[in-house]
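Visitor: I have a few minutes and a new model to look at. Can you walk me through it?

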Amino acid sequence: MKRIQFDRYGEASEMYMGDYELPQLKSNEVKIKVRAAAINPLDWKQRKGALKLFMSNRFPKGIGNDFSGIVEAVGKEVNNVRIGDEVFGTMDVKHPGAFAEALITPAGYISKKPSQISFSEASCLPIPCATAWAALFIKGNISKRSRVLINGCMGAVGAMAVQLARSKGAFVAGTCSENDMERAKDLGLNAVFNYADKNYWKNIKPFDLVFDTSGLMEPAIGFSMLNPKGKFVDINPTPKRMLRGLFSGKYRMTFATAGMSHLTEFADIAVKESLKAGIAKEIGFSEAIDIITKIEKGEKVKGRVVIRF
Ligand SMILES: NC(=O)c1ccc[n+]([C@@H]2O[C@H](COP(=O)([O-])OP(=O)(O)OC[C@H]3O[C@@H](n4cnc5c(N)ncnc54)[C@H](OP(=O)(O)O)[C@@H]3O)[C@@H](O)[C@H]2O)c1
């Protein structure tokens, strides 16, 4: 079978379409015929080696994490899905490889896909929803009385955070670029600010949670918008940001893995609340390397890009 892979960590030019034979299925794993895979920044961060401490030592390595597809085989201990089920999920961080005709992943990282949502929509859920869930409900502990600010509210994580927080009844404000203001209003935000406006955060009613999805908000600015018990949640770890946070008592870092056990809830919410996946375009497998390269280099796309198989 074909997959996008690389033989050493590095830039986008390391990716190629290669032939790969999947290993033997372990007892807790599932083999899936991929129907759709969504592109996330994690995909190229892994290829660049940013997470090499957490990844296996074997090459070639696959690339891609979030997917949807059809179960082709299950290990002996798997009891949450059966052959033929339509599912969605993510890869073990040690072994990415969702940009592939087929993949193997632990059964704990997949859930059944509701028939009401498409394969493309389902592939957009795992990392963005799990990250947003961890920030809002695990680190932020928000309720329907909470006031929340999402910095970068029209990115993949931000847009899911807006919708999950609104589904709980929280007051949600967000920041985005000028170009995204109209789309942001359609997402049900209570207030929208342009992140280029350097003064929007002055004289603002305090928030219980400031969730910075972009990694670009100065933590001190985030802290200044919080009420005394409020939290600033970050998902882009750098030594500098974490060091500042350690001394504040208001700073929390979180990761997608913290929310990944809630995949079934994401599927339910996606149906009940008509979650918008925000798909900008669907592309063929043969176009994927070119498009990943362009997005990675900063080409702006209004929403998610999904690879169809
Ligand atoms: N810790 C984890 O487990 C975890 C999980 C998921 C993602 N992440 C990281 O979180 C980041 C966001 O991920 P994503 O998938 O949501 O990416 P994304 O879809 O590319 O979204 C990023 C958003 O940030 C906005 N933005 C750019 N500059 C900004 C600024 N100065 N202030 C506020 N917003 C700004 C962008 O808006 P414009 O494009 O309109 O400028 C875009 O909407 C990535 O770095 C990713 O690697 C971490």
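Guide: We will go through the ligand site, then the salt bridges, then one threonine. Keep in mind that this is a predicted model.

Visitor: Ligand first. Which residues come nearest?
Guide: Lys45, Ser177, Tyr195, Asn236 and Ala256 come nearest, out of 23 residues around the ligand.

Visitor: What is the make-up of that shell by class?
Guide: There are 10 nonpolar residues, 10 polar ones and three charged ones.

Visitor: Which domains does the shell draw on?
Guide: Domain 1 (2-123 + 277-308) and domain 2 (127-257) each give at least three residues.

Visitor: And which helices supply at least two residues each?
Guide: Helices α1, α3 (126-139) and α4 (156-167) do.

Visitor: Any polar backbone atoms by the ligand oxygens?
Guide: Yes, here are some. For Ala256, a backbone N or O atom sits 2.7 Å from an oxygen atom of the ligand. For Val157, the distance from a backbone N or O atom to a ligand oxygen is 2.9 Å. Ala156 also has a polar backbone atom 2.9 Å from an oxygen atom of the ligand.

Visitor: How much of the ligand's accessible area does the protein cover?
Guide: The cover is 76%, out of the 930 Å² that the ligand has on its own.

Visitor: Switching topic. How many salt bridges does the structure hold?
Guide: It holds 14 salt bridges.

Visitor: Pick one for me.
Guide: Take Arg47 and Glu296. They form a salt bridge, with the closest N and O atoms 2.6 Å apart. The pair links distant parts of the chain. Arg47 is in helix α1 (residues 41-48), Glu296 is in helix α9 (residues 288-296), and 249 residues separate them.

Visitor: Is that pair buried or exposed?
Guide: Arg47 is buried, at 0% relative accessible area. Glu296 is buried too, because its value is 15% and the cut-off for buried is under 20%.

Visitor: Which other residue is linked into their network?
Guide: Lys48. Arg47, Lys48 and Glu296 are joined in a network of salt bridges.

Visitor: Got one between strands?
Guide: Arg308 and Glu282. Their side chains meet in a salt bridge at 3.6 Å, N to O. Arg308 belongs to strand β16 (residues 304-308) and Glu282 to strand β15 (residues 279-284), so the bridge ties together parts 26 residues apart in sequence.

Visitor: How accessible are those two?
Guide: Arg308 is partly exposed, with a relative accessible area of 26%. Glu282 is partly exposed as well, at 46%.

Visitor: What about Lys94? Which residue does it form a salt bridge with?
Guide: Asp92. The closest N and O atoms of Lys94 and Asp92 are 4.0 Å apart.

Visitor: Buried or exposed, for each of them?
Guide: They split. Lys94 counts as partly exposed, at 41% relative accessibility. Asp92 counts as buried, at 16%.

Visitor: Last stop, the threonine. Where is Thr131?
Guide: Thr131 is in helix α3. That helix spans 126-139 and is one of those that supply at least two residues to the ligand shell.

Visitor: Which backbone oxygen does the Thr131 side chain reach?
Guide: The one of Ile127, at 2.6 Å.

Visitor: And is Thr131 buried or exposed?
Guide: Thr131 counts as buried, because its relative accessibility is 5%.

Notes: Residues are numbered from 1 along each chain as its sequence is written. This is a predicted model: local features need pLDDT of at least 70, side-chain atom pairs count only at pLDDT 80 or more; totals for chains, interfaces and linings use all residues. Side-chain values use heavy atoms; hydrogens and water are left out. Helices (H or I, at least four residues) and strands (E, at least two) are DSSP runs, numbered from the N terminus. Buried means under 20% relative accessible area, exposed over 50%, partly exposed in between (1.4 Å probe, protein chains only). A residue is near a molecule or strand if one of its heavy atoms lies within 4 Å of it. A polar contact is a pair of N or O atoms within 3.5 Å; within protein, one must be able to donate a hydrogen and the other to accept it, and residues adjacent in sequence count only if both atoms are side-chain atoms. Accessible areas come from the Shrake-Rupley method with a 1.4 Å probe; for residues, only the protein chains shown count as cover. Ala, Val, Leu, Ile, Met, Phe, Trp, Tyr, Cys and Pro count as nonpolar, Asp, Glu, Lys and Arg as charged, and the others, Gly among them, as polar. Domain bounds come from an automatic or database domain assignment.
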